[in-house]
Amino acid sequence: MKNVGKPTKKTLPRVTVSSGSVEAFIGRSLERARRLDRGKELAPEITMTFEDPADLVRVLSAERVRVVHALREKPAPVSELAATLRRDRKAVKRDVTLLESFGLVNAREEINPGHGRRRIIEPLAAKYQLVATI
């Protein structure tokens, strides 16, 4: 199996966050299984589906979308991200923790010369697709 483990810049998955039914999710899963059965390679992708569009909006509030957008421009520690967004560091940290729990951003540690280590928050994908059906 190719590209096992953490995605690299070249293999960043496409992330789709959408609202939809359980039946639509099962249909997509079956289609992916059929493609694998035929020996076709699947593009790296992550799909998150919310049954209720209101839940999608709660997870991806306007401020959290700003966080993802800023990280797509430049991965950064939470403190730098908060300064860039002109928001309270604790609020940004809560948003980053929630986005990380849903797999929309990733944290990695790097050496901070003379100061130990620091966590860099980075996007999981180069492009995010939001789809809501009401």
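Begin the tour by selecting strand S3, residues 105-111, together with strand S4, residues 117-123, in this predicted model. The two strands run antiparallel, and seven bridges join S3 to S4. To follow the pairing residue by residue, pick Asn 106 and look across to its bridge partner in S4, which is Glu 122. Then move along S3 to Glu 110, where the bridge partner in S4 is Arg 118. As you look along these strands, keep in mind that in a regular strand the side chains alternate between the two faces of the sheet. Between the strands of this hairpin there are five residues, and Gly 114 in the hairpin takes a positive phi near 80°.

Now display the whole chain as a cartoon. The protein has five helices and five strands, and when they are read along the sequence they follow the pattern β-α-β-α-α-α-α-β-β-β. Of the 134 residues in the protein, 29% are buried. If you switch on a surface, the accessible area that belongs to the protein comes to about 9,100 Å², and carbon and sulfur atoms account for 55% of this surface. Among contacts between residues at least 6 apart in sequence, 60% join residues that are at least 24 apart.

One such place to inspect is strand S2, where you can select Glu 45. Glu 45 is partly exposed, with a relative accessible area of 28%. Add Thr 16 to the selection: the C-alpha atoms of Glu 45 and Thr 16 are separated by 7.7 Å, although the two residues stand 29 residues apart along the chain.

Next, hide the surface and turn to the interior. The largest nonpolar core has 24 residues, and those that touch the most other members are Val 17, Val 67, Leu 81, Val 96, Leu 99, Leu 104 and Tyr 128. Two or more residues of this core come from each of strand S1 (14-19), strand S2 (45-50), helix H2 (53-59), helix H3 (62-73), helix H4 (78-85) and helix H5 (89-101). Centre the view on Val 96 and, leaving aside its neighbours within four places in sequence, you will find it in contact with Val 67, Val 78, Leu 81, Val 105 and Ile 121.

From there, select helix H4, whose buried residues are Val 78, Leu 81, Ala 82 and Leu 85. These residues lie on the same side of H4, because they cover an arc of only 100° around the axis. Ala 83 and Thr 84, on the other side of H4, are exposed. If you ask what covers the buried residues of H4, the answer includes H3, H5 and strand S4.

Follow the chain out of H4 and select Arg 86, which is placed in the loop between H4 and H5. Its phi is near 55°, a positive value in a residue other than glycine. For comparison, most residues other than glycine have a negative phi. Arg 86 counts as exposed, because its relative accessibility is 79%.

Is Arg 87, which is found in the same loop between H4 and H5, buried or exposed? Arg 87 counts as buried, because its relative accessibility is 19% and the limit for a buried residue is under 20%. Show the side chains here, and you can trace a polar contact of 2.7 Å that joins Arg 87 and Asp 95. Not counting residues up to four places away in sequence, Arg 87 touches Glu 63, Arg 66, Val 67, Ala 82, Val 92 and Asp 95.

For the last stop, select Arg 64, which is placed in helix H3. Arg 64 is buried, with a relative accessible area of 17%. A polar atom of the Arg 64 side chain lies 3.3 Å from the backbone oxygen of Val 59. When neighbours within four places in sequence are left aside, Arg 64 is in contact with Arg 58, Val 59, Asp 95, Leu 98 and Leu 99. Keep Asp 95 displayed as you finish, since this residue appears among the contacts of Arg 64 and also among those of Arg 87.

Definitions and conventions
Residues numbered from 1 in each chain as written. Predicted model: local features only at pLDDT ≥ 70, side-chain atom pairs only at ≥ 80, totals over all residues. Heavy atoms only, no water. Core = buried A, V, L, I, M, F, W, Y, C linked by side-chain atoms within 4.5 Å. Buried < 20%, exposed > 50% of the residue type's maximum accessible area, 1.4 Å probe, protein only. Helix = DSSP H or I, 4+ residues; strand = E, 2+ residues; numbered from the N terminus. Contact = heavy atoms within 4.5 Å. Areas by Shrake-Rupley, 256 points an atom, 1.4 Å probe, with all protein chains shown as cover. Arc of directions from axis to C-beta. Polar contact = N/O pair within 3.5 Å; in protein donor to acceptor, adjacent residues only side chain to side chain. Pairing = 2+ DSSP bridges.
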